[in-house]
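Me: I am new to protein models. Could you walk me through this one, feature by feature?

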Amino acid sequence: MRRAVCPGSFDPVTNGHLDIIGRASRLFDEVIVGVLVNQSKSGLFTVEERIDMLREVTSSYDNVRVESFRGLLVDFCRAQEASVLIKGLRAVSDFDYELQMAQMNIGLAGVETLFMPTNPLYSFLSSSLIKDVAKWGGDISAHVPDRVREALQARIGPASRG
């Protein structure tokens with residue numbers, strides 16, 4: 001079975017993330033979306049909330065499942081019996097960092113990294129930018145699934161514009 005891991009914090013998941021997950025699901029028998037548990041960072045959404053949102057918005061893909069992990073990504077890959085990582089690249093600056101990680105991962109555990117260029121529609125998207133725009137009442141509906149938009153509005157709501 002060809003199995004790949006698509007890792008990230010997904011705080012929150014964006015349409016850019018979903019584009020990469022969907023495209024990967026056409027290339028592999030199974031795609032595991034790995035939600036990083038980073039105890040040194042406090043996210044806007046809990047890991048459980050992120051997993052719930054991801055499971056809901058990826059439910060149309062029969063071969064995608066969502067799991068959390070902590071520690072080394074390559075250890076998670078081994079546990080999932082996945083030998084490939086899928087990473088979306090938005091810009092050259094992403095490549096510089098991700099290349100170093102890819103080289104470390106292949107050296108540590110023989111885990112390959114497949115870089116997917118982001119659809120130009122989503123090349124500027126990041127979870128941080130989405131949270132900032134939502135915080136100030138901007139329209140994020142074209143950039144995240146409705147479920148995520150609703151969760152963001154409930155969590156942070158628009159700031160006053162006084």
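Reply: Start with the vocabulary. Helices (H or I, at least four residues) and strands (E, at least two) are DSSP runs, numbered from the N terminus. This is a predicted model: local features need pLDDT of at least 70, side-chain atom pairs count only at pLDDT 80 or more, and totals for chains, interfaces and linings use all residues. Residues are numbered from 1 along each chain as its sequence is written, and side-chain values use heavy atoms, with hydrogens and water left out.

Me: How do I read empty space, and how much of it lies in the largest pocket?

Reply: Rolling a probe the size of a water molecule over the atoms shows where empty space is left. The search uses a 1 Å grid over the protein atoms alone; a pocket is an open set of points where a 1.4 Å probe fits, with protein on both sides within 12 Å along at least five of seven lines. Lining residues have an atom within 4 Å of a point. Grid points are joined across faces, edges and corners, and a volume is the space filled by probe spheres set on the points. Here the largest pocket holds about 1300 Å³. Its lining has 45 residues, and the closest to its centre are Pro 7, Gly 8, Ser 9, Lys 87 and Glu 98.

Me: Which element supplies the largest share of that lining?

Reply: Helix 4 does, with eight residues. Other elements that each give at least two include strand 1 (3–8), helix 1 (15–27) and strand 4 (84–89).

Me: How many lining residues are nonpolar, polar or charged?

Reply: Ala, Val, Leu, Ile, Met, Phe, Trp, Tyr, Cys and Pro count as nonpolar, Asp, Glu, Lys and Arg as charged, and the others, Gly among them, as polar. The lining divides into 20 nonpolar, 17 polar and eight charged residues.

Me: Which residues does the UniProt "binding site" annotation cover?

Reply: UniProt positions are given in the numbering used here, feature names are shortened, and annotations may be inferred rather than shown by experiment. The unreviewed entry lists Ser 9, Lys 41, Leu 73 and Lys 87. The lining of the largest pocket includes Ser 9, Lys 41, Leu 73 and Lys 87.

Me: Are Lys 41 and Leu 73 buried or exposed?

Reply: Buried means under 20% relative accessible area, exposed over 50%, partly exposed in between (1.4 Å probe, protein chains only). Lys 41 sits in the loop between strand 2 (30–36) and helix 2. Lys 41 is exposed, at 63%. Leu 73 belongs to helix 3 and is buried, at 17%.

Me: How many aromatic pairs are there?

Reply: A pair of aromatic rings is described by the distance of the centres and the angle of the planes. Rings of Phe, Tyr and Trp (its six-membered ring) pair if their centres lie within 6.5 Å; planes under 30 degrees apart count as stacked, over 60 as edge-to-face and the rest as tilted. This structure has two pairs. Phe 69 and Phe 76 are stacked, 4.8 Å centre to centre with 25° between the planes. Phe 95 and Phe 115 are edge-to-face, at 5.6 Å and 70°. This second pair links distant parts of the chain, from helix 4 (residues 92–109) to strand 5 (residues 112–117).

Me: How many disulfides does the search find?

Reply: A disulfide is a pair of cysteine sulfur atoms within 2.5 Å. The search finds zero. For Cys 6, the nearest cysteine sulfur is that of Cys 77, 11 Å away. Cys 6 is buried at 6%, and Cys 77 is buried at 0%.
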